[in-house]
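Work through the exercises below with the structure open. Each task is followed by its solution.

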Amino acid sequence: MGLGSLASRALRSSSSSRVLSTNPRYNLIRTIVSTPELHKPEAATEAASEPDLPKRTPIAGARVHFPNPDDVIEVFVDGYPVKIPKGMTVLQACSVAGVDIPRFCYHDRLSIAGNCRMCLVEVEKSPKPVASCAMPALPGMKIKTDTPIAKKAREGVMEFLLMNHPLDCPICDQGGECDLQDQSMAFGSDRGRFTETKRSVVDKNLGPLVKTVMTRCIQCTRCVRFASEIAGVQDLGMLGRGSGEEIGTYVEKLMTSELSGNVIDICPVGALTSKPFAFKARNWELKGTETIDVTDAVGSNIRIDSRGPEVMRIVPRLNEDINEEWISDKTRFCYDGLKRQRLSDPMIRGADGHFKPVSWRDALAVVAEVLHQVKPEEIVGVAGKLSDAESMMSLKDFLNRMGSNNIWCEGNGKYLDADLRSGYLMNSSISGLEKADCFLLVGTQPRVEAAMVNARIRKTVRATKAKVGYIGPPTDFNYDHDHLGTTPETLAAIADGRHPFSAALSTAKNPAIIIGAGIFDRQDTAAILSLLNSLSAKFKNLITPEWNGLNVLLLNAAQAAALDLGLTPESDSGMESAKFVYLMGADDTNLDDLPKDAFVVYQGHHGDKGVYRANVIFPSTVFSEKEGTYENTEGCVQQTVPAVPTVGDAREDWKITRALSEVCGVRLPYDSISGVRSRIKNVAPNLLRVDEREAAVFSGLLKPEGSEKVSAVPFGVTVENFYMTDAITRASKIMAQCSALLAKK
């Protein structure tokens, strides 16, 4: 019999009659208890394979997708088993296991550099700590992230990083949201041993948007990789070696990419910060409001940071389906235009030609009196490119009650057929463009029309070497492409199979054709759409049950919702015969054909182009001051949220038309925004499904082939100036500086 059994039997027999001594030193009884089950090897293995570990949540709610169940491997992070797909790095495995590994150079959307060494972890059977961002995870690998060796390694790396880093935190704009600050507190030492002179680096001039303090740079190369991989420009690079190493431009030039502001977000320290935001506010003073951008038809997700009544900055929000985590420079830096040249009071033009402020009651009464003096067919309404669905619905209802149905939205053109949604949406979706293996761009320059769509195309071309054909005027692309021609006749040659690019479309598995919204202003729009219809009939892989490659790239935030609501012109000569024109934020409408005696009402938020011809001005709110519904170019419905209070006596657009309808005696049947949305539900119910994309029911353009022939007139440039496209960007001082540099270029 074993000693363990004897001891346990003696303990059991004596436990009932044991009396504890009053001497404390006799109270210390050391027992030896044996577990017979563990003498069996099978039971020991079973007990070891099922550790009682708490459930862990992946970092930032990360989800793991297993494309092939056979490629699943299991690794152990601090003893916790986690299943991941083959090919993941050790750092990604740790994130799935809920362990946040410190890093500076690693970024999920950039290539792996492995040069900061902050992500060192200990791996069993490895002689030294390994860089987890560059080390692929192997089956059965045992990773230790919290050992003394890993902690010592990170502390040493942090000491080297801080060796030449200046103590700028009190005056650095990155303070409070700086990775170096946070990780120095978490993983660094409480003192430094470096007593030599710190190095300093000359600042670089990257333009009016990005401020540089290059002495703070830690050479993580995130900005270099972003510029070359995402933005597609070779403006930044690494110069020098050793302690003389620094980030800079190869020659003295500015960073001219339309995505340059994103280097501010990805820089982990204060080396690259926002020049317009410099020394304006600390991040803990700001109130963040999650909303969307309306300067183009993409609907990028953004966060507006405000302090009091003023918008201080705009930063991106993560949305994998639309903008990922990038935004264009126009989206990021147009915010100063929200407060400049604003209309704050209702005004009436006097006999001397000057405007004078009046009350809302007087302004509405004047407009109502004129409306009753014109014929219904002489009333025209135009919605601006920044209009929300609620305001367009109320404008349409109001003018319908006045007897007119001649209402349209800027940018849609009089030749556009809005009967089928597939004829004006991006049917493959923005994220779906990554599945395409061949692109044909017709009359569109996505780099200036929709920068985030262009970024998706570039991402696809880099990843899959997809072929890109372009028909249109000479323009600047940041990926390889073939310029096939400048006129619609090239498209006709492709449709007939007479062009070499026809072979590329026919052999592609998922071809994508992207049509620019500029074709809707051409007289041969019907012929071009008929050609596209014949293309879909010729190339059967263009439209399948799983793929729809016919896409329209819209220009403005209001276009898709306007077409869903039926805002299309009733006649081609509406403006020439109009006596009353209602411009709701419409600043780019051509009023040259308007009769001299026509009465013009301008309802908008900026004193832009439409004001010069107006007789009465109604001040309204911008997207950052109201709640509104927008539909982007792929048909995804999103809403803006008020971030700052309104300016002066301005009102929301739908409230103004609602009040005017009551003064005119044709009162609209809603008094709240929920009432307007109930009305929208009857017309376009898809506009109430927020954050959802409703695809078109019918695939293809489904337009009967006509006998019209395409014109020999070349496709034109739709966006002349990327930085100034609407009333907000034209009022922005920052955009004016960028525009001046663009002109010099």
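Begin with the span 286–342: its end C-alpha atoms lie 23 Å apart, and the span is 9% helix and 35% strand. The model is predicted, so local features need pLDDT of at least 70, side-chain atom pairs count only at pLDDT 80 or more, and totals for chains, interfaces and linings use all residues. Residues are numbered from 1 along each chain as its sequence is written, and side-chain values use heavy atoms, with hydrogens and water left out.

**Exercise 1.** State which UniProt features cover residues 286–342 and residues 149–188.

*Solution.*
- The unreviewed UniProt entry annotates residues 286–342 as "domain: 4Fe-4S Mo/W bis-MGD-type".
- From UniProt, also unreviewed, residues 149–188 carry "domain: 4Fe-4S His(Cys)3-ligated-type".
- Such annotations may be inferred rather than shown by experiment.
- Residues 149–188 are 60% helix and 0% strand, with end C-alpha atoms 14 Å apart.
- Helices here are DSSP runs of H or I, at least four residues; strands are runs of E, at least two.

**Exercise 2.** Describe how α4 packs on α5.

*Solution.*
- Take the axes, which are lines fitted to C-alpha atoms over the stretch in contact; angles run from 0 to 180 degrees between N-to-C directions.
- Helix α4 (residues 148–163) and helix α5 (residues 179–187) give about 135 degrees, with axes 10 Å apart.
- That makes α4 oblique to α5. Under 35 degrees is roughly parallel, over 145 roughly antiparallel, 65 to 115 roughly perpendicular, and the rest oblique.
- List the contacts (heavy atoms within 4.5 Å): Arg154, Glu155, Met158 and Leu162 of α4 meet Leu180, Gln183, Ser184 and Phe187 of α5.
- Sort the α4–α5 contact by class: four nonpolar, two polar and two charged residues.

**Exercise 3.** Repeat the analysis for α13 and α15.

*Solution.*
- Helix α13 (residues 488–496) and helix α15 (residues 525–538) pack at about 25 degrees, axes 9 Å apart.
- The two helices α13 and α15 are therefore roughly parallel.
- On the α13 side, the contact includes Pro488, Leu491 and Ile494; on the α15 side, it includes Ile528, Leu531 and Lys538.
- By class, α13 with α15 has nine nonpolar, one polar and two charged residues.

**Exercise 4.** Find which parts the Arg679 and Asp397 pair ties together.

*Solution.*
- Apply the salt-bridge cut-off: a side-chain nitrogen of Lys or Arg within 4 Å of a carboxyl oxygen of Asp or Glu.
- The structure holds 43 salt bridges.
- Arg679 and Asp397 form a salt bridge at 2.9 Å, N to O.
- Arg679 lies in helix α18 (residues 673–683) and Asp397 in helix α10 (residues 389–401), so the pair ties together parts 282 residues apart in sequence.

Technical notes: Nonpolar A, V, L, I, M, F, W, Y, C, P; charged D, E, K, R; others polar.
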